[in-house]
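Open the model in your viewer and show it as a cartoon, with side chains hidden for now. Each stop below says what to select and what is there.

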Amino acid sequence: MLRFLLEEAAQVTVRSPPEWRGKYLHLMTRHGRKIAKVTMARRLTVRLYWMMRQGWDYEQWIKFGSHADSPEIAMV
């Protein structure tokens, strides 16, 4: 049941922010729709876990969120 709910949440998330949609479309073309959906559900779960662990709400995550994908931070 939890997996189903996470996949539904990921499906809704993929429709909203452009960054999530781009990642989903990239995964979908490389691995297929089902694997892309489960991967996006996992990414959403990891993000929610870290938000809960740090006690942040969504606005704080957007402001101070993960910069792992950012090449500027990786080069510093």
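A residue counts as buried when its relative accessible area is under 20%, as exposed when it is over 50%, and as partly exposed in between. Keep in mind that this is a predicted model.

**Whole chain**

Begin with the cartoon. The protein has five helices and zero strands, and along the sequence the pattern reads α-α-α-α-α. Of its 76 residues, 21% count as buried.

**Helix α3**

Select residues 33-54, which form helix α3. This helix has 22 residues, and its first and last C-alpha atoms are 32 Å apart, close to the 32 Å expected at 1.5 Å a residue.

Which residues of α3 are buried? Show the side chains of A36, M40, A41, L44, R47 and M51 to see them. These residues cover an arc of only 135 degrees around the axis, which puts them on the same side of α3. Now turn to the face that points away from the buried side: the exposed residues K34, R42, M52 and R53 are there.

Move on to G55, just after α3, where phi is positive at about 75 degrees.

**A nonpolar patch and a ring pair**

Select V46, Y49, W50 and M52 and show a surface. Together these residues make a nonpolar surface patch of about 400 Å². V46 belongs to helix α3 and is partly exposed, its relative accessible area being 34%.

Keep Y49 and W50 selected and look at their rings. The structure holds one aromatic pair. It is formed by Y49 and W50, whose ring centres are 5.4 Å apart; their planes stand at 75 degrees, so the pair is edge-to-face. Both residues count as partly exposed, Y49 at 39% relative accessibility and W50 at 35%.

**Helix α2**

Select residues 18-31, the 14 residues of helix α2. At 1.5 Å a residue this helix should span 20 Å, and its end C-alpha atoms are indeed 20 Å apart.

Colour W20, Y24 and L27, which are buried. Looking down the axis of α2, you find its buried residues within an arc of 70 degrees, so they line one face of the helix. On the other side, P18, T29 and R30 are exposed.

**Two salt bridges**

How many salt bridges does the structure hold? There are two.

For one of them, select R47 and E19, whose closest N and O atoms are 3.8 Å apart. R47 lies in helix α3 and E19 in helix α2, so this salt bridge ties together parts that are 28 residues apart in sequence. Is each partner buried or exposed? R47 counts as buried at 17% relative accessibility, while E19 counts as partly exposed at 46%.

For the other, select R3 and E7, whose side chains meet in a salt bridge with an N to O distance of 3.1 Å. Both residues lie in helix α1, four residues apart, which is about one turn of the helix. R3 is exposed, with a relative accessible area of 57%, whereas E7 counts as buried at 18%.

**Last stop: E7 and R42**

Keep E7, which is found in helix α1 (residues 2-15), and add R42 to the selection. The two residues are 35 residues apart in sequence, yet their C-alpha atoms are 8.6 Å apart in space. R42 also appeared at an earlier stop, among the exposed residues on the face of α3 turned away from its buried side.

Definitions and conventions
Residues are numbered from 1 along each chain as its sequence is written. This is a predicted model: local features need pLDDT of at least 70, side-chain atom pairs count only at pLDDT 80 or more; totals for chains, interfaces and linings use all residues. Side-chain values use heavy atoms; hydrogens and water are left out. Helices (H or I, at least four residues) and strands (E, at least two) are DSSP runs, numbered from the N terminus. The expected span of a helix is 1.5 Å times one less than its number of residues. Buried means under 20% relative accessible area, exposed over 50%, partly exposed in between (1.4 Å probe, protein chains only). The arc is that of the directions from the helix axis to the C-beta atoms. Patches are made of residues with over 30% relative accessible area and no salt bridge: like charges are joined within 9 Å, nonpolar side chains (Val, Leu, Ile, Met, Phe, Trp, Tyr) within 5 Å. Accessible areas come from the Shrake-Rupley method with a 1.4 Å probe; for residues, only the protein chains shown count as cover. A salt bridge is a side-chain nitrogen of Lys or Arg within 4 Å of a carboxyl oxygen of Asp or Glu. Rings of Phe, Tyr and Trp (its six-membered ring) pair if their centres lie within 6.5 Å; planes under 30 degrees apart count as stacked, over 60 as edge-to-face and the rest as tilted.
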